[in-house]
Amino acid sequence: SDRTFTMIKPDAVANGYIGAILAKINKAGFRIVAMKYTKLTKDQAMKFYEVHQERPFYGDLTDFMSSGTIVAAILEKDNAVADFRKLIGATNPAEAEEGTIRKEFAESMSRNAVHGSDSDENACIEGAYHFSGTEIF
Ligand code: ATP
């Protein structure tokens with residue numbers, strides 16, 4: 001069945017929101033098929049957000065994403081990619097709908113609590129980057 005990849009970002013980990021965010025993810029019908037604490041190096045963050053390399057926020061974004069512990073996870077549900085994007089809400093939490101993860105837990109546009117893959121192809125690439133076969137169930 002369908003899978004997506006998520007990261008609980010350094011702001012949400014530092015703010016102690018891991019449990020509450022995972023509860024919301026479970027309640028929305030996602031099964032956590034892989035999960036770990038990890039940290040991105042600056043180079044890994046730059047690679048991950050490569051599509052934004054010409055944008056003015058690229059330096060700050062990749063500094064932030066490599067600034068602390070994150071939680072990486074693979075989630076399973078029918079229509080996982082689109083349904084998870086809906087659950088996390090708009091990139092800018094000021095525009096995120098009531099009930100979304102970013103509405104509840106994000107601090108700002110740049111410290112917005114969670115990542116969700118934007119396509120099946122990227123979900124697969126991002127998940128495989130962080131987890132080997134024996135770490136996924
Ligand atoms: P993510 O890829 O982290 O799941 P997203 O898909 O909602 O987020 P993208 O457009 O891919 O949003 O942007 C990646 C990240 O870059 C955003 O999560 C946000 O933190 C940051 N970002 C995007 N646009 C801006 C902006 N205009 N100013 C500051 N930060 C931004």
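What follows is a walk through this structure, from its sheet out to the ligand and the annotated residues. Keep in mind that the model is predicted.

Let's start with the sheet. It is open, has four strands in the order β2-β3-β1-β4, and pairs in the antiparallel sense. Strands β2 and β4 form the edges, each pairing on one side only. On average, neighbouring strands here are turned by 15° against each other, direction ignored.

Strand β3, residues 70–76, is a good place to look next. Five of its seven residues are buried, so by the count of C-beta neighbours this strand is mostly covered. On one pairing, β3 meets β1 (residues 3–8) in the antiparallel sense over six bridges. If you want to find the register by eye, Thr4 stands opposite Leu75 in β3, and Phe5 stands opposite Ile74 in β3. In the other pairing, β3 meets β2 (residues 31–38), again antiparallel, over seven bridges. There, Met35 stands opposite Ala73 in β3.

Now bring in the helices that lie across these strands. Helix α5, residues 80–88, lies across β1, β3 and β4 and runs at about 30° to β1. Helix α7, residues 120–130, lies across β1, β2 and β3, and its angle to β1 is about 60°. Getting from β3 to α5 takes you through a loop that holds Asn79. Asn79 has a positive phi of about 60° although it is not a glycine. Is Asn79 buried or exposed? Asn79 counts as exposed because only 12 other C-beta atoms lie within 10 Å, and 12 or fewer is the cut-off.

A second residue of this kind sits in the loop between α6 and β4: Ala113. Its phi is also positive, about 75°, and Ala113 is not a glycine either. The surroundings are another matter, though: Ala113 is buried, since it has 27 other C-beta atoms within 10 Å.

Just past that loop comes edge strand β4, and Gly116 lies in it, within residues 114–116. Gly116 counts as buried because it has 24 C-beta neighbours inside 10 Å. Who does Gly116 touch, leaving aside its neighbours within four places in sequence? The contacts are Thr4, Thr6, Phe84, Arg85 and Ile88. Thr4 is the residue we met opposite Leu75 in β3, while Arg85 is found in helix α5. As for Lys86, it is 30 residues from Gly116 in sequence and 9.6 Å away in space, C-alpha to C-alpha.

His115 is found in strand β4 too. With 20 other C-beta atoms within 10 Å, His115 is buried, because 20 or more is what the cut-off asks for. Beyond its neighbours within four places in sequence, His115 is in contact with Thr6, Met7 and Lys9. The unreviewed UniProt entry carries an "active site" annotation that covers His115.

That brings us to the ligand. Around it you'll find Phe57, Leu61, Thr91, Met109, Ser110, Asn112, His115, Gly116 and Asp118. How does this shell divide by residue character? Three are nonpolar, five polar and one charged. Both β4 residues we just looked at, His115 and Gly116, belong to this shell.

Finally, compare that shell with the record. In the unreviewed UniProt entry, the "binding site" annotation covers Lys9, Phe57, Arg85, Thr91, Arg102 and Asn112. Phe57, Thr91 and Asn112 are among the residues that surround the ligand in the model. Lys9 is one of the contacts of His115. The two arginines are worth a separate look. Arg85, in helix α5, is partly exposed because its count of other C-beta atoms within 10 Å is 15. Arg102 is found in helix α6, residues 101–105. Arg102 counts as buried, since it has 24 C-beta neighbours inside 10 Å. Leaving aside its neighbours within four places in sequence, Arg102 is in contact with Ile88, Gly89, Ala90, Pro93, Ala96, Asn112, Ala113 and Val114. That list includes Asn112, from the ligand shell, and Ala113, the residue with the positive phi of about 75°. Ile88 also turned up earlier, as one of the contacts of Gly116.

Conventions. Residues are numbered from 1 along each chain as its sequence is written. This is a predicted model: local features need pLDDT of at least 70, side-chain atom pairs count only at pLDDT 80 or more; totals for chains, interfaces and linings use all residues. Two residues are in contact if their C-beta atoms, placed from the backbone, lie within 7 Å. Two strands pair if DSSP finds at least two bridges between them. A residue is near a molecule or strand if its C-beta atom, placed from the backbone, lies within 6 Å of it. Ala, Val, Leu, Ile, Met, Phe, Trp, Tyr, Cys and Pro count as nonpolar, Asp, Glu, Lys and Arg as charged, and the others, Gly among them, as polar. Axes are lines fitted to C-alpha atoms, for helices over the stretch in contact, and angles run from 0 to 180 degrees between N-to-C directions. UniProt positions are given in the numbering used here, feature names are shortened, and annotations may be inferred rather than shown by experiment.
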